[in-house]
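Student: I'd like to practise reading a protein model with you. Could you put one up, and I'll ask as we go?

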Amino acid sequence: RLNDIYTQGFTGYITSDTDSCADIHTAHKYENTGELATRDCLQSGTDIDSGSTYGRYLESAVTGGTVDRKFVDSALHNSYKMRFEMGLFDPKAPNVYNKITTDVVGCDAHQEMS
């Protein structure tokens, strides 16, 4: 099983190939719905859907009981863990623009100058 790789020391995440999760129900047709395709992808260890299947069907799959929330939580954990390790949430290097407050952005004086 693909999920077993995490117990064997794998610390990354797994992403689908160009919305291959959609192929489960649109091309290969071994599942009848996008919710079932989403379930199959998540339960097989696909953390990130490189397409739109999760975006289209994940919420209804969870709320409808097709997907257990623990698989969603696991996928989120794996993908965010890597993003944190890569520093994607670290503060950017100081520059003159990152001290501009939100009340200045789009203010009347700047709108007039534009």
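Student: Is aspartate 73 buried, partly exposed or exposed?
Tutor: Keep in mind that this is a predicted model. Aspartate 73 has a relative accessibility of 39%. Buried means under 20% and exposed means over 50%, so aspartate 73 counts as partly exposed.

Student: Which residue does the side chain of aspartate 73 meet in a salt bridge?
Tutor: Look along helix H4, where aspartate 73 has a partner 4 residues apart, about one turn of the helix. An α-helix has 3.6 residues a turn, so residues three or four places apart point the same way. The partner counts as partly exposed, at 49% relative accessibility. The N to O distance is 2.9 Å, and the partner is arginine 69.

Student: Which residues are joined into one network by salt bridges that share partners?
Tutor: Let's build it up pair by pair. Arginine 39 forms a salt bridge with glutamate 31, with the closest N and O atoms 2.9 Å apart. Arginine 39 also meets aspartate 40 in a salt bridge, at 3.0 Å from N to O. The shared partners make one network of Glu31, Arg39 and Asp40.

Student: Which of those count as buried, and which as partly exposed?
Tutor: The cut-off for buried is under 20% relative accessible area. Glutamate 31 has 15%, so it is buried, and aspartate 40 has 17%, so it is buried too. With 22%, the partly exposed one is arginine 39.

Student: Where is glutamate 31 found, and which residues is it in contact with?
Tutor: Glutamate 31 sits in the loop between H1 and H2. Set aside its neighbours within four places in sequence before you list contacts. What's left is Ile24, His25, Leu36, Ala37, Arg39 and Asp40.

Student: How many salt bridges does a search of the whole structure find?
Tutor: We've already met a few, including the pair of aspartate 73 and arginine 69 and the pair of arginine 39 and glutamate 31. A search of the whole structure gives a total of 4.

Student: Which cysteines form a disulfide, and how far apart are their sulfur atoms?
Tutor: The structure holds 1 disulfide. Both of its cysteines are buried, and they are cysteine 21 and cysteine 41. Their sulfur atoms are 2.3 Å apart.

Student: Which parts of the chain does that pair tie together?
Tutor: Find the two ends: cysteine 21 lies in helix H1, and cysteine 41 lies in helix H2. The pair therefore ties together parts that are 20 residues apart in sequence, in H1 and H2.

Student: Why is this disulfide left-handed?
Tutor: The thing to check is the torsion about the S-S bond of cysteine 21 and cysteine 41. The disulfide is left-handed because that torsion is about -120°.

Student: Which elements give two or more residues to the largest nonpolar core?
Tutor: This core has 11 residues in all, among them Cys21, Ile24, Cys41, Leu42, Tyr54 and Phe71. The elements that give two or more are helix H1 (20-26), helix H2 (34-43), helix H3 (53-63) and H4.

Student: What does leucine 42 touch?
Tutor: Leucine 42 is one of the buried residues in H2, and the buried residues of H2 pack against H1, H3 and H4. Skip the residues up to four places away in sequence. Then leucine 42 touches Tyr54, Leu58, Val67, Phe71, Val72 and Ala75.

Student: Which residues form a nonpolar patch on the surface?
Tutor: One member is tyrosine 80, which is placed in helix H4 (residues 69-85). Tyrosine 80 counts as partly exposed because its relative accessibility is 42%. The patch has about 630 Å² of accessible area together, and its residues are Leu76, Tyr80, Phe84, Met86, Leu88 and Phe89.

Student: What is the phi of threonine 18, and what is the phi of aspartate 19?
Tutor: Most residues other than glycine have a negative phi. Threonine 18 and aspartate 19 both have their place in the segment before H1. Threonine 18 is exposed, with 63% relative accessible area, whereas aspartate 19 is buried, with 15%. Their phi values are positive: near 40° for threonine 18 and about 55° for aspartate 19.

Methods: Residues are numbered from 1 along each chain as its sequence is written. This is a predicted model: local features need pLDDT of at least 70, side-chain atom pairs count only at pLDDT 80 or more; totals for chains, interfaces and linings use all residues. Side-chain values use heavy atoms; hydrogens and water are left out. Patches are made of residues with over 30% relative accessible area and no salt bridge: like charges are joined within 9 Å, nonpolar side chains (Val, Leu, Ile, Met, Phe, Trp, Tyr) within 5 Å. Accessible areas come from the Shrake-Rupley method with a 1.4 Å probe; for residues, only the protein chains shown count as cover. Buried means under 20% relative accessible area, exposed over 50%, partly exposed in between (1.4 Å probe, protein chains only). A nonpolar core is a set of buried Ala, Val, Leu, Ile, Met, Phe, Trp, Tyr and Cys residues joined through side-chain atoms within 4.5 Å. Contact means heavy atoms within 4.5 Å. A disulfide is a pair of cysteine sulfur atoms within 2.5 Å.
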